[in-house]
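The following questions and answers concern the salt bridges and the nonpolar core of one structure.

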Amino acid sequence: MIRWYLRALEKKPTITMAISTATLMSTGDVLAQTAIEKRHQHQNYQPIRTLRFFVFGLTIAGPSLRLWYKTLDKIIPAGAALRPLKMVALDQVEVVYSLLTCFL
């Protein structure tokens, strides 16, 4: 399964990233509603909310994050001192707020 995913990521990176992001976001929402918020399918569970997370991940978050991470790799060259920290800092400062604004 991992080989299949990595092969798909190589052949069609944007589509694969979009589907992965949508799946993770909608799964996270299902877990949030059922485990954290204690909603169950017949008791206030909101499938429309889960669908919104899926569509947002598929159409906005997945493709834009793919482009952002590709750009981030070019901005901070491999082997740079403290590269992971710099990447996380840039990610948190530049992208998080724009995606959050789109989501809200």
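Q: Which residue forms a salt bridge with Glu37?
A: This is a predicted model, in which local features need pLDDT of at least 70, side-chain atom pairs count only at pLDDT 80 or more, and totals for chains, interfaces and linings use all residues. Residues are numbered from 1 along each chain as its sequence is written, and side-chain values use heavy atoms, with hydrogens and water left out. A salt bridge is a side-chain nitrogen of Lys or Arg within 4 Å of a carboxyl oxygen of Asp or Glu. With the closest N and O atoms 3.1 Å apart, the partner of Glu37 is Arg49.

Q: Is Arg49 buried or exposed?
A: Buried means under 20% relative accessible area, exposed over 50%, and partly exposed in between (1.4 Å probe, protein chains only). The relative accessibility of Arg49 is 19%, so Arg49 counts as buried.

Q: Which residues are linked with Arg49 in a network of salt bridges?
A: Asp29 also forms a salt bridge with Arg49, the closest N and O atoms being 2.6 Å apart. The network therefore joins Arg49 to a buried residue and to a partly exposed one at 34% relative accessibility. The residues linked with Arg49 are Asp29 and Glu37.

Q: Which helix gives the largest share of the largest nonpolar core?
A: A nonpolar core is a set of buried Ala, Val, Leu, Ile, Met, Phe, Trp, Tyr and Cys residues joined through side-chain atoms within 4.5 Å. The largest one has 10 residues, including Phe56, Trp68 and Met87. Five residues of this core come from helix H3.

Key:
Helices (H or I, at least four residues) and strands (E, at least two) are DSSP runs, numbered from the N terminus.
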